[in-house]
Amino acid sequence: MSDYEVIVVGGGHAGIEAAAATAKMGLATLLISGDLDRLGEMSCNPAVGGVGKGQLVREIDALGGLIGQIADQAGIHFRVLNRSKGPAVWSSRAQADRKLYRQRATMMLAEISNLELIEGLVTGIVTEKGKFDRVVLQDGRELKASAAILACGTFLNGLIHIGERQIPAGRINEPPACGLTESLLAHGFIAGRLKTGTPPRLDGTTVEFDRLQPQPGDSEIQPFSLHTTNTLTNKALCYIAYTAERTHQLIRDNIHKSALFSGQISGVGPRYCPSIEDKIHRFIDKSRHQLFLEPEGLDTSEIYINGLATSLSEDVQLDMLHSIEGLENVAMNRPGYAIEYDFFPTYQIKPSLQTRRVENLYFAGQINGTSGYEEAAAQGLMAGINAALRLRGEKPFCLDRSEAYIGVLIDDLITKVPVEPYRMFTSRAEYRLALREDNAADRLLKYGRRFGLIDDAIYDKHLQDRELIEEEKRRLTRTTVMISAVEPAGDNGDKVSLAQLLRRPQVRYRDLAKADRGCRRFPRRLGELVEIETKYQGYLQKQQREIERFQRLESKSIPEDFDFLRLRGLKKEAIEVLGKYRPINLGQASRLAGVTYADIAVLLVHLRKHEASVSRETS
């Protein structure tokens with residue numbers, strides 16, 4: 001008999017979501033972490049959200065995850081990025097108090113039934129007949145479970161680089177996880193190596209903030225979480241600084257001291273969040289690079305300098321900091337560093353995040369080659385839900401690219417194996433106008449409720465809000481006003497509906513309040529949703545037609561045991577790729593590199609023949 005139903009390895013953002021999900025779904029869950037005092041540690045910047053990432057946080061919240069609630073409670077500076085652009089790319093971001101975030105994460109886990117937490121380092125797994133059976137800990141203990149979720153972050157054979165100095169670590173001052181990679185390799189998995197990095201931490205008392213550009217938070221703050229009912233406020237300021245030509249020259253003169261450029265690092269780093277050395281090397285025409293000075297918390301003077309990730313030696317890092325205006329006399333609390341770690345190429349997982357080689361074993365987070373708290377949290381939640389569903393004997397839960405950014409994330413992982421740390425952006429989503437932050441609950445709350453992760457009060461409140469929004473949209477359509485009552489430059493004699501006025505690019509919902517009492521009384525947060533859905537109605541209808549075409553391919557399932565080797569008419573390359581990645585439907589197959597439209601046409605013919613054959617056998 002198993003000690004637990006699910007074991008989750010790792011107490012980072014993926015592990016927290018996975019353990020919370022399985023426990024809330026009624027399964028006896030064990031979370032194993034190397035240090036229980038650092039659950040939810042924000043290893044890099046203490047911030048949640050950002051471009052593409054804010055959408056993930058809202059989606060996780062709608063499915064019943066925790067990251068949005070914790071961010072709201074620990075947030076000290078809130079902004080919506082891309083406000084000057086359309087709502088498809090608006091992305092919320094919260095700077096958090098690092099210590100408070102850990103505390104809130106720990107408190108929320110402590111309140112969940114069916115969840116036990118222990119400290120320990122997992123060094124291996126044991127299987128029975130191809131199925132996960134137990135984990136082995138460094139101290140010799142073996143713990144049995146029906147399923148396991150590995151969410152190890154950067155700890156798998158983690159190695160920190162500061163100049164020529166190398167430090168085995170999962171993150172600074174924490175030991176790496178050794179042995180687990182080797183255990184997985186012994187079970188037939190293939191591993192790779194990736195790299196990420198972090199900037200120096202500064203003593204804020206030595207920064208001349210009056211010489212930097214302040215970056216205040218938004219005056220009106222929309223919470224990440226549907227559970228947040230209190231009014232959020234900004235409690236801290238962020239600041240903007242810039243590198244200088246002297247900064248760049250220092251880097252060029254000492255590039256040989258960078259672990260990244262000396263050949264000391266074998267792992268590939270993130271293209272979209274590069275080190276400062278990489279920026280100077282790749283963008284040689286840039287005379288300066290923007291930096292953001294962001295507080296680590298309310299009870300500390302420590303500052304995170306976003307945009308200055310580096311693996312240069314400590315002496316060069318300090319000289320580099322002193323070359324920046326406002327930081328000429330700054331003290332460095334901790335140097336920046338690069339970290340290498342093991343990951344497992346994602347053709348080895350299914351869309352449910354279960355591994356193909358070992359039944360009931362799931363991977364989530366940086367073990368799958370992703371980068372970022374939000375990407376990790378999304379995978380942890382999905383792995384947790386799917387582990388619970390599998391143990392219940394139910395079908396896996398998979399979101400497609402038209403339903404959620406989470407669907408985009410996982411589909412990208414299983415059809416385009418990361419060769420560098422994967423980071424979410426709005427540009428990765430083809431249907432981003434339909435996948436906005438503001439409608440995450442419309443899209444996903446029903447699933448969270450179905451799995452028991454969203455309570456009835458949250459769900460019912462959302463339905464009430466939807467009724468208000470729909471009724472207001474109808475009211476705007478039937479209510480007419482003089483154009484000049486809203487737009488003074490408009491024609492005095494013309495009357496139009498409020499909905500027609502709202503479709504004008506320059507007119508906002510709040511502008512309608514000049515001529516309409518109902519708009520003045522309507523809740524402001526819902527008014528913005530009315531505006532978006534009214535203003536972009538035509539575009540949304542067009543995108544819905546595109547989604548319907550997309551879903552026709554996605555609905556054409558490919559049996560898990562489908563023998564691609566026996567299919568005539570497919571190119572050899574297509575057969576190899578299809579056999580390696582095992583797509584679950586025709587849409588996924590079409591997104592694999594090496595599979596052409598001609599291959600898809602041939603595959604469709606074979607699938608129809610297979611369906612006809614199965615139909616004859618069952619009739």
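Visitor: Which backbone oxygen lies 3.4 Å from a polar atom of the side chain of N585?

Guide: A polar contact is a pair of N or O atoms within 3.5 Å; within protein, one must be able to donate a hydrogen and the other to accept it, and residues adjacent in sequence count only if both atoms are side-chain atoms. Here the partner is the backbone oxygen of E554. The N585 side chain also reaches the backbone nitrogen of G587, at 3.0 Å. Bear in mind that this is a predicted model, where local features need pLDDT of at least 70, side-chain atom pairs count only at pLDDT 80 or more, and totals for chains, interfaces and linings use all residues. Residues are numbered from 1 along each chain as its sequence is written, and side-chain values use heavy atoms, with hydrogens and water left out.

Visitor: Is N585 buried or exposed?

Guide: Buried means under 20% relative accessible area, exposed over 50%, partly exposed in between (1.4 Å probe, protein chains only). N585 has 7%, so it is buried.

Visitor: Which residues does N585 touch?

Guide: Contact means heavy atoms within 4.5 Å. Not counting residues up to four places away in sequence, N585 touches L553, E554, K556, S557 and I558.

Visitor: What is the order of the strands in the open sheet?

Guide: Strands (E, at least two residues) are DSSP runs, numbered from the N terminus, and two of them pair if DSSP finds at least two bridges between them. The six strands run β14-β15-β16-β17-β13-β18, with antiparallel pairing. At the edges, β14 (213-215) and β18 (332-334) each pair on one side only. Further in, β15 (238-242) and β16 (290-295) pair over four bridges, with I240 opposite F292 in β16.
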